[in-house]
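Student: I'm new to this one and would like a close look at a single part. Pick a helix, please, and then walk me outward from there.

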Amino acid sequence: MTAVEIAEKIEGKVEVPVEGASADGLYVGDLLSDVMGHAGEGCALVTIQNHLNTIAVCTLVGCAVIVLCHSRPVPPDMAEAAAREGVAIVITPLSQYAVARALSFLPPAEH
Amino acid sequence: MGEYNPTILQAQHTSDDEILDKMPLDPKALGGDSSVVIMELLQRFKVRDVMKRKIIAISRKASLREAQKLMRENRISGLPVCEEGRLYGIVSVNDIINALDNGWIDDSCETHMATNLVVLEAGMPLAFALRYFNNYTYGRFPVLDSERKLVGIISQRDVMRALLYELSVEIRKLERKSARGANAAPEHATSANFFRREWAVVRNDLSRAGHAANDIKQILRERKIDRVVARRVAVAAYELEINICIHSHGGILTLLISDDAITITAKDRGPGIPDIAWALRDGASTANDWIRSMGFGAGMGLPNSKRVADDFDIQSEVGKFTKVTCLFKIAKQTVAEETK
């Protein structure tokens, strides 16, 4: 499922578009160490952590789409790193739980 | 109009402030690809070491005209609206221009000031302030202490002045050091399958954390190491890198690839772990709130690294160092094949 399709389902907008960025599972977490340890490759990460380190973690675990909840803004350095590393960022006004519900057809992506 | 009560603690601004405000520091020059010395400076220095403590402020009920006068007299482009240490808002030159345009220059500051403020905390490392200057267009930020009281103002000029001074001191030190002979620089000695590289990890610099792990993942990819193994190595490298960054005085992360194993070693300069068994427990952490708010410091780093490694070792001496070694077994031919 592409970042654009994800955005459509969660009242979101693609803030950092990346061609071909897609996810076939979902992982929800604000604790980056937990994401690091458990998120599966190819997942979309649903989080409120709107900073550079989120991109680092996503790059390492192989996650190509970040969904930022509660309309958290994307700081320029984060947007830059995301574009560079090929991680798409979707912003949504919804909460993590609401996003998970709206995308509940995606399987949990756990490592 | 009544309450004209500006808290002028002391005026000490000059007009070159405005010039500097228009010339933002290049973030790449200070924090991106710069040397370890600069990175350490940016971490060692806190906002409070650099900020101006003399604050020119105005009260909420004072008029915008009074604000304009104060700004003109002191040649400043932003005025905190502050009473008894509490920051209520900021009046900027733009607010004054709008007020003149729209005829509300005699309204009180509180009716038109900006209240959605971006502030820095006095204890934040300077690198954080630089990132704020980069991420927002403001020329200066109000600085609050841990009790949310306004304690200073920081501008790019303040940062620059402090850095230039400290850099000259550091450079002198380095020059002395290099005069004593410097051929100890570690290089990645690469024989057929052997590979070694080191990364310096700077204390508290979360914005850089992950660089070493990312490089390592890249190196493993280039050497066509099995993806699953590469991921485990990257996870350990990242966790250990973050650990050095948030818990130690700084250290070195080393990647070693040999015929049948990949080893990640993280060695720091202290403060050491008093109770290793406790530190290895899931959820055990000494991290502060700031680190936790970034999504780290939940006490999962060491358990995570231990879990992904085939062999794990930790040594520590309080006041001296901590050294963590994670070993990953690889099939012999994996490395040999790709070096052909």
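Tutor: Let's begin with a yardstick: the expected span of a helix is 1.5 Å times one less than its number of residues. Helices (H or I, at least four residues) and strands (E, at least two) are DSSP runs, numbered from the N terminus. This is a predicted model, in which local features need pLDDT of at least 70, side-chain atom pairs count only at pLDDT 80 or more, and totals for chains, interfaces and linings use all residues. Residues are numbered from 1 along each chain as its sequence is written, while chains are lettered from A and ligands numbered from 1 in the order in which they are written.

Our part is α11(B). With 21 residues, α11(B) should span 30 Å, and its end C-alpha atoms are indeed 30 Å apart, so the two agree. Now look at what's around α11(B): 17 of its 21 residues are buried, so this helix is largely enclosed by the rest of the structure. (Buried means 20 or more other C-beta atoms within 10 Å of a residue's own, exposed means 12 or fewer, and partly exposed is in between; C-beta atoms are placed from the backbone.)

The helix also has a part in the meeting of the two chains. There, chain B puts in 21 residues and chain A 17, where contact means C-beta atoms, placed from the backbone, within 7 Å. On the chain B side, α8 (126-135), α10 (211-222), α11 (227-247) and α14 (301-308) each bring at least two residues. Our helix, α11(B), gives the largest share of that side, four residues. By type, the chain B side splits into 10 nonpolar, eight polar and three charged residues.

Move along the chain to strand β9(B), residues 251-257. Its side chains alternate: B:Gly251, B:Leu253, B:Leu255 and B:Ile257 point to one face and are buried, whereas B:Ile252, B:Thr254 and B:Leu256 point to the other and are not. Strands count as paired if DSSP finds at least two bridges between them. β9(B) runs antiparallel to β8(B), residues 195-201, and seven bridges join them; in one of these, B:Glu198 has B:Thr254 as its partner. β9(B) also pairs with β10(B), residues 261-268, again antiparallel and over seven bridges. There, B:Leu256 is matched with B:Thr263. Three residues sit between β9(B) and β10(B), and the two strands form a hairpin.

Chain B has another sheet to trace: three strands in the order β5-β6-β7, open and with mixed pairing. Its edges are β5 (120-121) and β7 (150-155), each pairing on one side only. β5(B) pairs with β6(B), residues 140-144, in the parallel sense over two bridges, and B:Leu120 stands opposite B:Val143.

For another helix in chain B, try α5(B), residues 64-74, where B:Leu64, B:Glu66, B:Ala67, B:Leu70 and B:Met71 are buried. Those residues cover an arc of only 155° around the axis, which puts them on the same side of α5(B); the arc is that of the directions from the helix axis to the C-beta atoms. They pack against β2 (56-57), β3 (78-83), β4 (86-92), α6 (93-102) and α7 (109-112) of chain B. Just past the end of α5(B), B:Arg75 takes a positive phi of about 50°.

Definitions and conventions:
Nonpolar A, V, L, I, M, F, W, Y, C, P; charged D, E, K, R; others polar.
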